[in-house]
Amino acid sequence: MAIKITFPDGSQKEYNAGVTAQEVAESISPRLAAEVLSCSVNGEQVELNRPINEDATINLYKWDAPEAQHAFWHTSAHLMAEALQELYPGTQFGIGPAIENGFYYDVMPPEGVKLTDAEFPKIEKKMQELQQKKELLVRREITKADALKFFGDRGQTYKNELISELEDGTITTYTQGDYTDLCRGPHLVSTAEIKAVKVLSMAAAYWRGDEKRPMMTRIYGISFPKKKMLDEYLQKLEEAKKRDHRKIGKEMELFFFSDKVGKGLPMWLPKGTALRLRLQEFLRKIQKKYGYQEVITPHIGSKSLYMTSGHWDHYGKDSFQPITTPEEGEVYLLKPMNCPHHCMVYANTPRSYKDLPVRIAEFGTVYRYEQSGELHGLTRVRSFTQDDAHIFCRPDQVKGEFLRVMDIINIIFKALDFKEFEAQISLRDPNNTEKYIGSDEIWEEAQNAIIEACKEKGLPAHEETGEAAFYGPKLDFMIKDALGRRWQLGTIQVDYNLPERFKLEYTGADNEKHRPVMIHRAPFGSMERFVAVLIEHTAGHFPLWLTPDQVVVLPISEKFNDYANKVAEYLNQQDVRTIVDERNEKIGRKIRDNELKHIPYLLIVGEKEAADGTVNVRKQGEQGAQETMSMEDFAKKIQDEVRKMTEEF
């Protein structure tokens, strides 16, 4: 029987039923067949050797596609598990997914075995030995009873727990060599393509993220189809270590953490606070141009507020414990979200269709209980400040508001030198509309508004069907940093849920009551995470307008401290942020120490400079490149440099 295969460009070709995507690739070109790693059939990602028995639309994925990398790293996780099983018989396995960069496996070593970093070379060597066998991954559908018996006989209690929660008829396993895993896939056809592997690190992880469950060992790894690609990746990892925001934040005296204060609660030092406030003022200035009104709301709210909003049901377990007062029945929560407070701000005043859109902004601090094992510097904390805003508008205004928010995000990314960014449009699943609220017409209008807004701005965006929140579609912004890593920063979300829950209204032109549409917007996302990403992107070399200290004056000996302070006083009066290093140290030591603090300009002053009223200018990172200038000329140089950087915003 002949079937039709449709390709991404819309072209079609006939094949015999039972053809595989690998055979389809071979029919197109031998080179494509050699490069393709994974495929999707009718939107479902599957292995290249899965038979296709009916008309289908297919996509073929080479290494650069995220889908191919996912299959590659998922298979690599199984290869690592196979190696662990051979090296440490009796190991129990939890889950082993692909992640954004590589893979991990949660394991419970057998009694008497303690896994440490010293085991990494042994694990890598075993993985390479197994890879050379080029084992096929064999997919099997298995009954629930057989799955429970198979893994039970092998003492795999964690696998059996997972199986017990699955429906019979939906369970599959994958086998390569002597290793069989409970898995939905997809995978590579065989382990042959995994040419280079590296075990990177290990960490403790509670089973299923539950602090009341056993502590497992999570082993992280990375793999590539070529050794050269692994070498390049490891080089980037070394550079990333140098750029670690925790290391640079300490060197620049920006922030710190204290167990006495509490885990995941960042403490901003004066220089870090100045940096953060400057970012906030930067956004405030932009928001003012775009018609936002700023508000301040409490750090706590009544539990009933979050029950109305639905956050208690959805985020209650991620919140801190409720706060009770002496008054019976009075319960508060530390604020996990700013949205409910902003809904109450909107509801405080009667609104007409002529008043909309209403744009409410706040740098609002929120609190969420993250497990201690998940905390990581400023990128994962328990207290963080969102550059939050909520726009209440009519349905016909959604597209225009999206365009304006995209303008704001574009200004921010450009000012902070994030040159590469793209967007993901999250749409609802048209085949499962009952899990979303709002009419088909409203969803269609909102989704089209987002798609059209991206097209108008020329913003590369990919669509993800089924990824919308239950309350509306959204647009997430991903940037690439200097190391090519992807970070999700800004987000814009359409929400029909909260206006309904809070019974928000405006009076329309027809004199009837209508529900506004609510748009959530956070260009930075959170101040903490954004600063962390910015530190690592710039390696601490912030734009001159933003950096906490723009200039440091270095007297070559204590005799010239008075002149150094005179220079600093003058520059500070000219709005050039300047400090003095008065330590009784050799000038070489002062230069080295202040280079580490990433201060853009170092002014060296001694007898000649004091006599002439000049400064010897040394720019960060430019060894030996010095020039002598008057204080006035140097101040003008900095002012002009900052003005040029900031004139667009």
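This briefing describes selected helices, residues, salt bridges and internal spaces of the structure shown above. The model is a predicted one, and the values below were computed from its atoms. The structure holds 48 salt bridges, and three cavities of 30 Å³ or more were counted in it. Helix α16 is largely enclosed by the rest of the structure, since eleven of its twelve residues are buried.

**Helix α16 and its partner Arg243**

- Helix α16 covers residues 527–538, and its twelve residues, at 1.5 Å a residue, should span 16 Å, which agrees with the 16 Å that separate its end C-alpha atoms.
- The buried residues of α16 are Met527, Glu528, Phe530, Val531, Ala532, Val533, Leu534, Ile535, Glu536, His537 and Thr538, and the helix is followed by Ala539, whose phi is positive, near 55°.
- Arg243 belongs to another helix, α7, which runs over residues 227–243, and this arginine counts as buried because its relative accessibility is 14%, under the 20% cut-off.
- A polar atom of the Arg243 side chain lies 2.8 Å from the backbone oxygen of His537, a residue that is itself buried in α16.
- Apart from neighbours within four places in sequence, Arg243 is in contact with Ile248, Ala482, Leu483, Ile535, Glu536, His537, Thr538 and Ala539.

**Helix α14 and what covers it**

- Helix α14 consists of 18 residues, 440–457, for which a span of 26 Å is expected at 1.5 Å a residue, and the distance of 26 Å between its end C-alpha atoms agrees with this.
- Within α14, the buried residues are Trp443, Ala446, Gln447, Ala449, Ile450, Ile451, Ala453 and Cys454.
- The cover over these buried residues includes helix α13 (398–415) together with the strands β22 (420–427), β23 (461–465), β24 (474–480) and β25 (486–495).
- After α14 comes Gly458, which has a positive phi, near 65°.

**Ile391 in strand β21**

- Ile391 is part of strand β21, residues 383–393, and it is buried, with a relative accessible area of 0%.
- Although Ile391 and His520 are 129 residues apart along the chain, their C-alpha atoms are separated by 6.7 Å.
- When residues up to four places away in sequence are left out, Ile391 touches Tyr292, Pro357, Val358, Arg359, Glu401, Val405, Val517, Met518 and Ile519.

**Salt bridges**

- The side chains of Asp106 and Arg218 meet in a salt bridge with an N to O distance of 2.7 Å.
- Asp106 lies in strand β8 (residues 102–108) and Arg218 in strand β13 (residues 215–224), so this pair ties together parts that are 112 residues apart in sequence.
- Both partners are buried, Asp106 with a relative accessible area of 2% and Arg218 with a relative accessibility of 14%.
- Asp244 forms a salt bridge with Arg246, in which the closest N and O atoms are 2.7 Å apart; here Asp244 is buried, at 16% relative accessible area, whereas Arg246 counts as partly exposed, at 39%.
- Arg583 and Asp581 form a further salt bridge, with their closest N and O atoms 2.9 Å apart, and in this pair Arg583 is partly exposed, at 34%, while Asp581 counts as buried, at 7%.
- Glu161, Glu165, Arg208 and Arg213 are joined into one network by salt bridges that share partners.

**Cavities and a pocket**

- Among the three cavities of 30 Å³ or more, the largest has a volume of about 70 Å³.
- The lining of this largest cavity is made by Met252, Glu253, Lys271, Thr547, Pro548, Asp549, Lys597, His598 and Ile599.
- The second largest pocket holds about 480 Å³ of space, and of the 20 residues that line it, Ile95, Leu162, Leu182, Cys183 and Arg184 are the closest to its centre.
- Two or more residues of the lining of the second largest pocket come from each of the elements α3 (66–87), α6 (157–164) and β11 (179–182), and α3 gives the most, with three residues.

Note on methods: Residues numbered from 1 in each chain as written. Predicted model: local features only at pLDDT ≥ 70, side-chain atom pairs only at ≥ 80, totals over all residues. Heavy atoms only, no water. Helix = DSSP H or I, 4+ residues; strand = E, 2+ residues; numbered from the N terminus. Buried < 20%, exposed > 50% of the residue type's maximum accessible area, 1.4 Å probe, protein only. Polar contact = N/O pair within 3.5 Å; in protein donor to acceptor, adjacent residues only side chain to side chain. Contact = heavy atoms within 4.5 Å. Expected span 1.5 Å × (residues − 1). Salt bridge = Lys/Arg side-chain N within 4 Å of Asp/Glu carboxyl O. 1 Å grid on protein atoms, 1.4 Å probe; cavity = no way out; pocket = protein on both sides within 12 Å on 5 of 7 lines; lining within 4 Å. Points joined across faces, edges and corners; volume = space filled by probe spheres on them.
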